Amino acid sequence: MSNQNLPKSKQDKIDSLYLRMAKVWSENSHCNRNKVGCLIVKDRQIISDGYNGTPSGFSNECEDCNNNTLPTVLHAEANAITKIAKSTNSAEGSTLYVTLSPCFDCAKLIIQAGIKRIVYSETYRNTDSFKLFEEAGIEIKKINV
């Protein structure tokens with residue numbers, strides 16, 4: 001059963017639940033400035049997860065001495081999408097739950113991965129990605145958790 005076919009109130013409950021789970025998952029991040037968590041859900045099953053941090057095998061330092069994010073840091077969405085790429089799963093038609101709305105670069109990955117819905121709780125400082133999502137026909141929804 002697809003999430004799009006559920007009654008609105010039930011869908012809202014499911015969205016809130018998965019977004020709270022993404023928030024818990026963000027606690028895995030070693031970043032100090034902002035911990036971001038992400039889940040990708042398809043047919044009511046979590047098919048991937050991610051949090052912001054450095055690539056495997058790199059130091060877990062996310063910020064420099066001025067508290068600026070290091071260029072080696074991957075965003076939670078990128079981590080979740082690349083995890084799918086290493087599996088037999090497909091994100092086609094899925095929903096991405098993320099604690100911080102996606103940046104423009106992650107938006108391009110989301111579109112290419114075939115993700116159709118995004119649910120987030122906090123808005124990223126740059127919202128250029130929202131126009132890209134609109135052009136791609138991707139539903140984006142903000143909820144407070």
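Me: What does Gly114 do just after α3?
Reply: In this predicted model, Gly114 takes a positive phi of about 85° right after α3.

Me: OK, and α3 itself, which residues are buried there?
Reply: Helix α3 covers residues 104–113, and Cys106, Ala107, Ile110 and Ala113 are buried in it. They line one face of the helix, because seen down the α3 axis the buried residues fall within an arc of 130°.

Me: What covers the buried residues of α3?
Reply: The cover includes α2 (76–85), β3 (95–100), β4 (117–122) and α4 (128–136).

Me: Switching to charges. How many salt bridges does the structure hold?
Reply: It holds 7 salt bridges. One of them is in α3: Asp105 pairs with Lys108, with the closest N and O atoms 3.2 Å apart. Those two sit 3 residues apart, about one turn of the helix.

Me: Is Lys108 buried or partly exposed?
Reply: Partly exposed, because its relative accessibility is 42%.

Me: And what does Asp12 form a salt bridge with?
Reply: Lys141, with the closest N and O atoms 2.8 Å apart. Asp12 is in helix α1 (residues 8–26) and Lys141 in strand β5 (residues 139–142), so the pair ties together parts 129 residues apart in sequence. Asp12 counts as partly exposed at 33% relative accessibility, while Lys141 counts as buried at 12%.

Me: What about Arg117, which residue is its partner?
Reply: Asp15, again with the closest N and O atoms 2.8 Å apart. Arg117 lies in β4 and Asp15 in α1, so this pair links parts 102 residues apart in sequence. Arg117 is buried at 3% relative accessible area, and Asp15 is buried at 0% relative accessibility.

Terms used
Residues are numbered from 1 along each chain as its sequence is written. This is a predicted model: local features need pLDDT of at least 70, side-chain atom pairs count only at pLDDT 80 or more; totals for chains, interfaces and linings use all residues. Side-chain values use heavy atoms; hydrogens and water are left out. Buried means under 20% relative accessible area, exposed over 50%, partly exposed in between (1.4 Å probe, protein chains only). Helices (H or I, at least four residues) and strands (E, at least two) are DSSP runs, numbered from the N terminus. The arc is that of the directions from the helix axis to the C-beta atoms. Contact means heavy atoms within 4.5 Å. A salt bridge is a side-chain nitrogen of Lys or Arg within 4 Å of a carboxyl oxygen of Asp or Glu.
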